[in-house]
Structures are given as structure tokens and as C-alpha cells.
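Got the viewer open? Here is a short tour, one selection at a time.

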Amino acid sequence: MTTPSSTSAINPKPRRQRRSRASRLLHSPVFFPLVGFIAVFIVMALVNDNFLLPNNLTNVARQGAIIGIIAVGMSFAIFTGGIDLSVGPVMALSGTLMAGLMAAGWPPTVAVIVGLLLGMTFGAFNGACVAFARMPPIIVTLATMGIARGLGLIYTGGYPISGLPAGFAFFGRGEVMGIQVPILIMLLVYLVAYIVLHHTSFGRYVYAIGGNEEATRLTGIRVPRYKLLVYTISGLTAAIAGLVITSRLMSGQPNAGTGFELDAIAAVVLGGAAIAGGRGAILGTLVGAMLLAILNNGLNLMGVSPYLQDVVKGGIILLAIYIGRGRSA
Amino acid sequence: MALLALEKVSKTFPGVRALHEVSLHVEAGEIHALLGENGAGKSTLMKILCGIHQPDSGEILIDGTPQHFTSYRRACAAGVGIVFQEFSLIPGLSVVDNIFLGREPRNALGLIRHGEMLKQANALFERLDIDIDPQIRVHHLSVADQQFVEIAKALSLDARVLVLDEPTAPLTPTEVERLFAIMRQLRAQGVAMVFISHHMEEIFEICDRVTVLRDGEYVATLNVADTDAGALVERMVGRRVDNIFPERQPAPDKSDLVLEAHIRMAGRRHTDHIRLGRGEILGFAGLVGSGRSEMALAMIGAHPVAERRMTLEGHKVTLKSPADALKRGIGLLPENRKQQGLILPFTCADNISINHLSRFHTAAGLISRRREREAAEALMDRVRVKAPGSDTVVGTLSGGNQQKVVIARWLERGCRVLIFDEPTRGIDVGAKSEIYALMKTLTAQGISIVMISSELPEITGLCDRVLVFNHGHVVAELAGDDIQAGTIMTHATRQISLDNPTGAAEPAAHLERAS
Ligand SMILES: Nc1ncnc2c1ncn2[C@@H]1O[C@H](COP(=O)(O)OP(=O)(O)OP(=O)(O)O)[C@@H](O)[C@H]1O
Ligand SMILES: [Mg+2]
């Protein structure tokens, strides 16, 4: 493959230096979110005596897992320059369907699979609207957000569905080797997402579409196909979150997940992603989701009123993004 | 005393020393050429002059007074105007809104005085002898007209120093002449101009003096009258470049057709017929806007058409998207590298490998980063991309080096047909000849190339056959000794009646005569 260039003798080859380890860490998109996370962590530990208790920390991680899982699909959407506002209602809808099927006597495994498929179908519908009908993602998912919420309420008649088989509690309350299952599920989802985004062609296309969709299309990549896949993934991760939350509550709540889309977007952006697409790291999103979780938990421990919490959280998000702007390269 | 003096300016970016103690002096009423290879530091020097970058050391003097341009606005206020290498107009806004963007004249209520803006714009266009409707939206304008709007914008502040960074790259010879007429007029008015171009003949036509840069260092300043192109290139490249076009080979066997396309653009009555032989370089010549790029896009299924019948190696193919085309081995290097070619946040390596990632898959279907990087670096060496490394973000490269990255993407893609739309736009003389040689290597491997170019020497020096476009149609086919600049221009500028279908049928008759 290396045809020796006839001129290389005269014109010395340009230097090929690789970045040093330290410089790579500094330029890694995860670096800045990590610094923010550590800062908030230290503050919370100083302000609250109970914050550092192992019990509390696992609690934080478990509570953060729901948003953390949803934020994975959101990351895919945002990396392509899109967005998915329907994640909260899709989560609730998939969760209630799982609950409803189990309450009707279906075996849990089948119910879960059907619920996950429903999430994927919803996502695929979003994707088809965005990719093939070429509608703007923010509008499409705003509409399907309402549709999913409405369908969930129709399906349940507005009431929670309870009476789920005891074994189903495993996903939200179980432990494996001393680690809570929701945390394990979240880590597994991140691991798969990391491999997909950083080591497969599809992952590369996700960033390419966000970086310059027109160029990606002209160079021969099937952009619509990959966009469809991206929104399908987002529907799937929302449904996985639906599984965890339904199992945790042991009931299907049609109103669960209100405002989750905003928390998921915040997690992605706190994680260093460019909202316009093309840039971002999935591990950054994990850090962002955990940052939100310790904020929530810390403010709760401090006894801050929920209304004030929203104000503080919003302020901290603004601040973090202001400091980190233009930082990720 | 020089109107503009840059004294010992240095600038280092992370990993790149872009400029080292470079000086440049420009008199009032002088057109001063800035010459250098891709990545020599020309644009960087001009961005420092305009306050976009801050120098690490060195001084900017205007009329002998040191200036500290901490922003572009400051530089504008001091009478410096720039026409950027990459377009900076906002497509959705009107011409006049673009010209006055950020400093619209306002009335007592703070509202924009549209009438006043329009009056000033009209006066400006009159002074420059530009015939463009100021109220039209920029995206409706041809590339050339956009360039003139850029110039008007730069001059709208009564700039005494005007920088033109590769203004002629997207222009055809006629339009270049129009630009030069404006420049001569400005010279007579005492404007000091810095002119950047990779076209030697332009420098000899319009410039008074020339300063050569090499690898970010000052080489020499010469009177244009006292030097010649060969000497300049030698100073710029550090070696002689004698013949930039590869030697002519006998034209490939005509009967060995690879691609045949019948394409009728939406809204047109006449179907164009394009045949491409194996190992052939087929040129698309014509004025900017004559429909060459649209045809190229149509040939890969990226442009809506009324009719498209294509045969590849004797088999009928239906192309619905560029991905279909790529699957069949037809690739396009698009005209506009920033909008259509590059993924700007990506590294060089990622940009190059994007359309052949599967080549680096391991057994598990994952990408081997190491193999990907090695392949990309080999390609970067082949086209001589000047960059700190293959992991450099492509957006920080100089314009010409960005272009080389897009070219590199196609070299090992394994296509049967490559369509190169203005492949050497913004590329320096030395690298150009290497790209021509690369194209010949590709054709020797049996790959067929369609080359769209507004540079006639490139068409005449490289192509085995040429199709001339005029008003959206192929109006002539030239081969062998008929490929002459004069003949091409005659066909490209000939009046053809758009409404009269017989006028459109006439080219077919011509086709037979020429081939
Ligand atoms: N913002 C930046 N960040 C990092 N490096 C940069 C940046 N801008 C320019 N460079 C580097 O500085 C060097 C000089 O670039 P410059 O754009 O001035 O070249 P040029 O002479 O204008 O080339 P061309 O003819 O290709 O336009 C190049 O090596 C380029 O990669
Ligand atoms: Mg430049």
C-alpha cells in the first residue's frame, strides 16, 4: 500500500508525532466532565456527613441508573445531531406494557421481551420519520412524546398496574455479587454502547452524520439506514429503563418518567457532547448522569426544597456548560 | 514608508510552528502577492493581520503606527478588509444584509434603516462596477457573484488594506478578469492589497511584488517584473518543478466502455449522453454554473433527475443514492470540500477511512485502529498532507491540505469510476503535479476518471477526451488534438437557445462532427 513517493527524498516526510498520554487525557472529551464530577462530589461530601456512606453511594448510583440508561440512547441521537424527546413516555409505556402482560399472566421473560420490542418499534418509528420522511427530530419526537404518553394512559386507564410476580423484582431490587442489578444493567449498556461507538463502523458513522451529514451521504454512507438504527437504539434504552423502573416499583406507572428527557439531555451535554452533533463521548454521558445523580442526592440530604433543587440544578448545569464550552476537541 | 508593515511575526499552534519571524511590507496602491505551498502560513499571516489570531511575537504597523488587533472588528475599524479563503457569507440572508451584518445603520429607535443600507450598497456596487441585485438572497447567487459580494463587503468600510485569500479559486477565467479589473481600479485608488493564489499566471498578470513563504518562514520579496514562474516555484518549493503534467500516453481503447449514462435533469427537455472508457480521463469543461457539478451528482444518484439510465460494464444499474453508486464502484470527490467533503470535527485518519472502514475490520467486526491509522498515514504521505499527525483534527489544516485529505479518501477505495470535481482547487503547484501523476497511476490500473475543472490547462494537459457543458447540457465532445483552450471556450460560451428544443438538439449534431 505504501508506494514510495518519488519526492520524499527531497521533501522530508512530515513528522508523525502521536500525542503524549497526558495531553491525550487533557484533550479527552471525558476529562472536563470528570473534573466537574469530582468537584461536585467533594462539595457534597463536605456539606453532608451522610453522603459518603457506602449505602448512600450505592443508592445514588442506583437512582442515577434510570437516567443513565436513557442517556445512552439520547447520546446516540445527539451525536448524530438529532435529539429524542420521547424517551420518558416511551419508558413509561414499555414499562406498563410489561406490567400489564405479567398481570395478565404472561411469563415475565416474554413480557419483558415484548416490552423491549415495543420500545424499539417506537424508536424505529421516530427514526423512520427522521430518516426517510426527513422531518426534524425535535418535532417528530415532540409529537411521539405526546403519543406515547397518551397510549400509556389509555392502556392503563390512568391507574398503576400492580400484582407483578415476585421474581420480576430482580431487575430493580436484586443483587449480583453484592452489586445492585440496576447498576449492573447500566454498566452493561454503557459497555455495549462504548464498543459500538468506538470500535464499529456504525459508531463511526454516528459521529460522521453529526459532523457533516451531507458529506457523509455523498461519500457513500447510507445515512437514513443508520439514523433509523440510532432512534431504534434510543427506543430500546428507554424500554430497558422502563424495565428497571417497573421492577423497582413493582408496578407499571403510566406517568413515570415525566421530564426524564430533559435530565437525559443534560447528562449528555454535561458529558461534553456538542448539541449540534459530531462530538461527544459515551463515557462522558455516564459521568454526566452520575453528576446529576449526586446533585439530586446531595440536595436531598441537605433538605433543600424540591422547588429550590430545580433552580440549583439548572444553575449548576448552566455553569458547567459555560466553563466547558468549546473544550471538547 | 509602507502603508502596511508586518514585522517579524511568529505564531505557533499546538504542534505546528505556522509562522517564524515573517515580515511583509505593502505600499499604498500596490498589489502584493503572497506565495507559498499549502500550509506555508499564508492564511495564518493574514488572519493575524485581521485580528482573528494573535501573534506570539512581532508587530503590525499601518502608516508606521503599531496596531494591536485583538479582534476582527478592531482590524476592520482600522481599515483592513479581508476576503476569506473559505466563504463567510450567510446563505439565507440577502446580499445587503450580509454586507452590513453586525453594523447595520440604525435610526433613533434602534431599528435598521433598510433604505439607507440599500443606498450604500448600490453606491458600493456602482463604484466597483458589480451588477448584482442587493436584495437577492446569497444562496441564489453563483459562486462567482458570491465572491464579488465578499469583496464588496470587505471594501464597504473604505478599507485601505485589502486581503484576498485565494479569491480566484472558484472563478472561471472571465470572472477572474472581472475581479482583476476591480483590483486595478482599487490600486488606482491607493488601496494596498495582498493577493494569495496558487496560479502563477495570475500573479504575473496583476501583482507588482511578491513575497514567498516556505514552511512558515520568509524566503524573499521580489519585483514581479524581475522574476519568472520557474524561479518563484523553485523558491517556494525548494526544488525545480519542470513539467507539471505527466507525459501524454496514447488514448485508451475507445471500444472498452465502462460507463454509459443517459441523464435528463429535472426541468430539462434534452437528455445528455455520457460515455466513459476504461482507464480514460474524461474532462467536463465549461463555465461555473454550466451544470457540470449537477451532472456529477446525478451520476452518483445524489441529484434529482427526470431520467437516468446507466450501464456499468454492460449491466444496467439503478442508482438511488451515493451509497448505491459506491457499492457499484462509482465515487465522487465533491466540489465544495467544507460543505460536501470533509467531516470537520474528525481527525485526518477518520476522514480518510470513512468510506472504506470495513477494510480494517477484525474477525469480530470491530475496527482495528492501528491498521486504520497506518493505512491513512500511507495515503497522507502519498498526497503529502502537511499535518502534525494523522490524529490532527482536519479543520485545523490549511485549505490545500484539507483538499488533499479528501482526495486521499478515494485513492485506495477500489472504485472503477472516480468523479473528481475541481480536485486541485487550492492546491499548490508542486502538489498539483503529484495529484496529476496520481490520477495517471489510477488510470493505469484501469480506473476511469471524470474530471471537472475550471482550469483549462488542467483539462487540456490531462484529459483524453473532453465534454463541454453550456447552460446545463453537453454541447461538444472533443478528443485528441481538438482539445484546445480556444475551442473549449468557444463551445462553453456559445449562445444556445434554451427555449428552442432544436437548439438543444444541435449539440448532438456537433458531437458527431467532433468525434
Ligand atoms: N487554528 C489552527 N490550529 C492549528 N493549526 C493551524 C490552525 N490554523 C492553521 N494551522 C496550521 O498552520 C499551518 C499554516 O496554515 P495556513 O492556513 O496559514 O496555510 P496556507 O499557507 O494558507 O496554505 P493553503 O495554501 O493550503 O491555504 C498549517 O500547518 C496548519 O495546519
Ligand atoms: Mg490558506
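Start with B:Arg278, which is partly exposed, its relative accessible area being 29%. Keep in mind as you go that this is a predicted model. Now add B:Glu313 to the selection: the two side chains form a salt bridge, 3.1 Å from N to O. B:Glu313 is partly exposed too, at 27% relative accessible area. Zoom out a little to see what the pair links: B:Glu313 sits in the loop between β14 (305-312) and β15 (315-317) of chain B, B:Arg278 in the loop between β12 (272-277) and β13 (281-286), and 35 residues separate them. Select B:Asp256 and B:Arg416 as well, and you have a salt-bridge network made up of B:Asp256, B:Arg278, B:Glu313 and B:Arg416.

Next stop, another charged pair: B:Glu217 and B:Arg17, whose closest N and O atoms are 2.6 Å apart in a salt bridge. Here strand β10 (residues 217-223) of chain B is joined to strand β2 (residues 16-26), with the partners 200 residues apart. B:Glu217 is partly exposed at 33%, and B:Arg17 is partly exposed at 40%.

Then pick B:Arg178 and B:Asp145, a salt bridge with its closest N and O atoms 3.8 Å apart. B:Arg178 is in helix α6 (residues 173-188) of chain B and B:Asp145 in helix α5 (residues 143-155), so the bridge ties together parts 33 residues apart in sequence. Is B:Asp145 buried or exposed? Its relative accessible area is 18%, and under 20% counts as buried, so B:Asp145 is buried.

Now for the metal. Select ligand 2, a magnesium ion: B:Ser43 (OG) and B:Gln85 (OE1) coordinate the ion at 1.9 to 2.2 Å. B:Ser43 belongs to helix α1 (residues 42-49) of chain B, while B:Gln85 is in the loop between β6 (80-83) and α3 (95-99), so this pair ties together parts 42 residues apart. Both B:Ser43 and B:Gln85 are buried.

Colour by chain and move to where A and B touch. Chain A brings 36 residues to the contact and chain B brings 52, and about 3700 Å² is buried between them. Three salt bridges cross between the chains; try A:Arg222 with B:Asp324, at 3.0 Å from N to O. On chain A's side, α8 (181-199), α9 (201-211) and α10 (213-218) each supply at least two residues, and α9(A) gives the largest share, six residues.

Finish at A:Ala256, in the loop between α11 (223-249) and α12 (260-270) of chain A. A:Ala256 is buried, at 13% relative accessible area, and its contacts include A:Gly88, A:Met91 and A:Arg149.

Notes. Residues are numbered from 1 along each chain as its sequence is written. Chains are lettered from A and ligands numbered from 1 in the order in which they are written. This is a predicted model: local features need pLDDT of at least 70, side-chain atom pairs count only at pLDDT 80 or more; totals for chains, interfaces and linings use all residues. Side-chain values use heavy atoms; hydrogens and water are left out. Donors are N, O and S atoms within 2.8 Å of the metal (3.2 Å for Na, K and Ca); water is not among the atoms, so sites may look incomplete. Helices (H or I, at least four residues) and strands (E, at least two) are DSSP runs, numbered from the N terminus. Buried means under 20% relative accessible area, exposed over 50%, partly exposed in between (1.4 Å probe, protein chains only). Contact means heavy atoms within 4.5 Å. Buried area is the accessible area (1.4 Å probe) that two parts lose on being put together, summed over both. A salt bridge is a side-chain nitrogen of Lys or Arg within 4 Å of a carboxyl oxygen of Asp or Glu. Lists of a residue's contacts leave out its neighbours within four places in sequence.
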